[in-house]
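Thanks for sharing this one. Here are my notes, set out as numbered points, for you to read beside the model.

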Amino acid sequence: MRSHPIARWALRAVVATAVAVAGYLATTNSIATFYAPNDAQLAALFAPGNARILAELSRQSLQQAAQSAADQGEAERLARLALRRDPTAVSAVATLGLLAELKGDLVGARRDFSYAERLSRRDLAAELWLIEDAVRREEVPDALRHYDIALRTQAGANEILFPVLVNASLEPAVAQQLAKRLRLRPAWGDEFFGYLANNTSKPQVTVDLFLTLARQHVPVTEAAQSTLLARLIGAHELEAAWRYFTTIRPGLDRTRSRDPAFTANIAVPTPFDWIPAGDAGISVTVQRGASSGAAVFSAVPSVGGNLLQQVQLLPPGRYRIEGISEGIDQAKHEQPYWLLQCIADGRELGRVIVTNSAEQNGHFGGEIEVDRNCNAQSLILVARPSSALGGLSGMITRIELLPLSLGFPSVDSGKK
């Protein structure tokens with residue numbers, strides 16, 4: 001039998017899986033309110049004729065039989081007894097479906113599980129089998145339909161299905177159909193975006209899916225976008241990260257920093273936006289305004305560290321950092337400074353001191369140089385430990401890194 005690429009996103013060992021997850025399901029009987037499914041035998045002592053409990057007993061018998069390869073007749077007997085007492089006992093129908101597959105009767109199994117789904121869409125074992133069967137038939141839309149049903153109706157189904165769906169999304173045939181399903185805005189969509197961004201093994205492929213959704217006007221959560229960008233940067237996929245970022249924030253220039261006056265309306269910042277620090281003893285908030293905002297910060301005495309940072313992808317050249325501060329009044333050797341640091345090796349490329357705000361109306365500035373061996377940088381506002389009684393406090397109302405000259409002359413440029 002040929003192996004289709006999408007087969008690797010199937011739920012393997014479906015009988016074992018389906019029976020194992022049966023533990024998530026509780027019977028609707030009042031006795032089962034007190035006794036978990038694993039205690040169905042005890043519950044049966046109190047309600048021996050209850051169809052739901054009989055169905056649960058049949059499922060447990062099948063689980064034991066599947067694990068020990070013992071006779072499965074008891075599971076079938078209990079399931080049929082449950083159905084004689086209540087034809088809507090869906091877990092008993094699912095048990096018969098699993099038994100049919102174990103016997104090699106795939107047609108019978110499909111009939112039983114289809115009937116189980118008509119009775120109720122809240123049986124996780126049935127939905128898992130139907131997912132597996134759809135994948136076996138290479139019916140991706142049908143598989144995703146059952147994913148949707150399970151994720152909408154079963155608490156905890158995401159723990160089973162999200163990891164498989166993340167791997168599946170790497171297959172172009174699946175990603176195309178997944179985008180169509182997500183275009184319907186399922187209730188589990190936003191949670192899946194976050195999980196996918198955190199767990200994808202191929203961030204660039206996930207970017208393609210997110211871009212497909214964007215073209216179809218399906219909003220991806222800002223948290224998922226930020227996480228995915230961080231994953232790309234962490235994997236040194238810098239060009240892919242910048243291309244994706246410019247689809248989120250179009251019209252930007254990579255040769256300069258962004259949002260100089262803190263006016264961007266951003267709920268969840270990406271690494272390319274201003275990100276406040278959260279170290280102990282340090283407080284930073286970005287107060288945004290329509291025409292102007294500020295980064296307001298403070299640090300307790302003798303505590304230093306990063307206050308604010310933004311990732312840059314500056315080409316080689318000379319740059320200037322300039323800005324405006326308010327409220328800073330520190331000893332000269334304790335004044336904060338802006339640092340441009342190479343991400344790859346942590347090298348300091350240059351720093352610009354934020355002088356006291358009473359000097360030059362708060363204006364500060366200086367030049368730095370980016371060499372050819374550093375293609376990604378962090379622009380960081382750093383607090384030095386302060387000996388002042390009140391520690392460090394102040395705000396930055398404007399900060400900008402802008403190019404002076406890009407590129408460097410070659411080593412032979414001075415020769416005639």
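1. Serine 325 of strand β5 (residues 317-326) stands opposite isoleucine 396 in β10. This is a predicted model, so please read every point below in that light. The two strands, β5 and β10 (residues 392-406), run antiparallel and are joined by 10 bridges.

2. What lies on the other side of β5? Eight bridges join β5 to β8, again in the antiparallel sense. Within that pairing, glutamate 322 has glycine 365 of β8 as its bridge partner.

3. The two faces of β5 are worth a look on your screen. Gly317, Tyr319, Ile321, Gly323 and Ser325 make up the covered face, while Arg318, Arg320, Glu322, Ile324 and Glu326 make up the uncovered one. As background, side chains in a regular strand alternate between the two faces of the sheet.

4. Now for the whole sheet. It is open and has five strands, in the order β2-β3-β10-β5-β8, with antiparallel pairing. β2 (282-287) and β8 (363-370) are the edge strands; each has a single partner, so one side of each has no neighbour in the sheet. On average, neighbouring strands are turned by 30° against each other, direction ignored.

5. At the β2 end, six bridges pair β2 with β3 (residues 294-299) in the antiparallel sense. One to find by eye is valine 286, whose bridge partner in β3 is alanine 295.

6. Strand β6 (residues 337-342) deserves its own point: five of its six residues are buried. β6 runs antiparallel to β7 (residues 348-353), with five bridges between them, and leucine 339 has arginine 351 of β7 as its bridge partner. The two strands form a hairpin with five residues between them, and glycine 346 in the turn has a positive phi of about 75°.

7. β6 also pairs with β9 (residues 377-383), antiparallel and over six bridges. Here leucine 340 is matched with leucine 379 of β9.

8. Turning to the helices, the axes of α8 (residues 124-136) and α10 (residues 157-168) come within 12 Å and cross at roughly 10°. Because an angle under 35 degrees counts as roughly parallel, α8 is roughly parallel to α10. Leu124, Leu128 and Ile131 of α8 meet Ala157, Ile160 and Leu161 of α10. By class, this contact has six nonpolar, no polar and no charged residues.

9. Which residues have the most contacts inside the largest nonpolar core? They are Leu161, Phe192, Phe193, Phe210, Leu213 and Phe272, in a core of 47 residues. Elements giving two or more residues to this core include α8, α9 (140-153), α12 (189-199) and α13 (203-215). The largest share, eight residues, comes from α10.

10. Phenylalanine 272 is a good residue to click on. Leaving aside neighbours within four places in sequence, its contacts include Leu229, Ile233, Trp242 and Phe245, and also Arg258 and Gln310. Apart from the largest core lies another, of 30 residues, among them Val284, Leu308, Ile321 and Leu381.

11. Last, a look at α11 (172-182). Its buried residues are Val174, Ala175, Gln177, Leu178, Ala179, Arg181 and Leu182. These residues pack against α9, α10, α12 and α13.

Notes: Residues are numbered from 1 along each chain as its sequence is written. This is a predicted model: local features need pLDDT of at least 70, side-chain atom pairs count only at pLDDT 80 or more; totals for chains, interfaces and linings use all residues. Side-chain values use heavy atoms; hydrogens and water are left out. Axes are lines fitted to C-alpha atoms, for helices over the stretch in contact, and angles run from 0 to 180 degrees between N-to-C directions. Helices (H or I, at least four residues) and strands (E, at least two) are DSSP runs, numbered from the N terminus. Angles under 35 degrees count as roughly parallel, over 145 as roughly antiparallel, 65 to 115 as roughly perpendicular and the rest as oblique. Contact means heavy atoms within 4.5 Å. Ala, Val, Leu, Ile, Met, Phe, Trp, Tyr, Cys and Pro count as nonpolar, Asp, Glu, Lys and Arg as charged, and the others, Gly among them, as polar. A nonpolar core is a set of buried Ala, Val, Leu, Ile, Met, Phe, Trp, Tyr and Cys residues joined through side-chain atoms within 4.5 Å. Buried means under 20% relative accessible area, exposed over 50%, partly exposed in between (1.4 Å probe, protein chains only). Two strands pair if DSSP finds at least two bridges between them.
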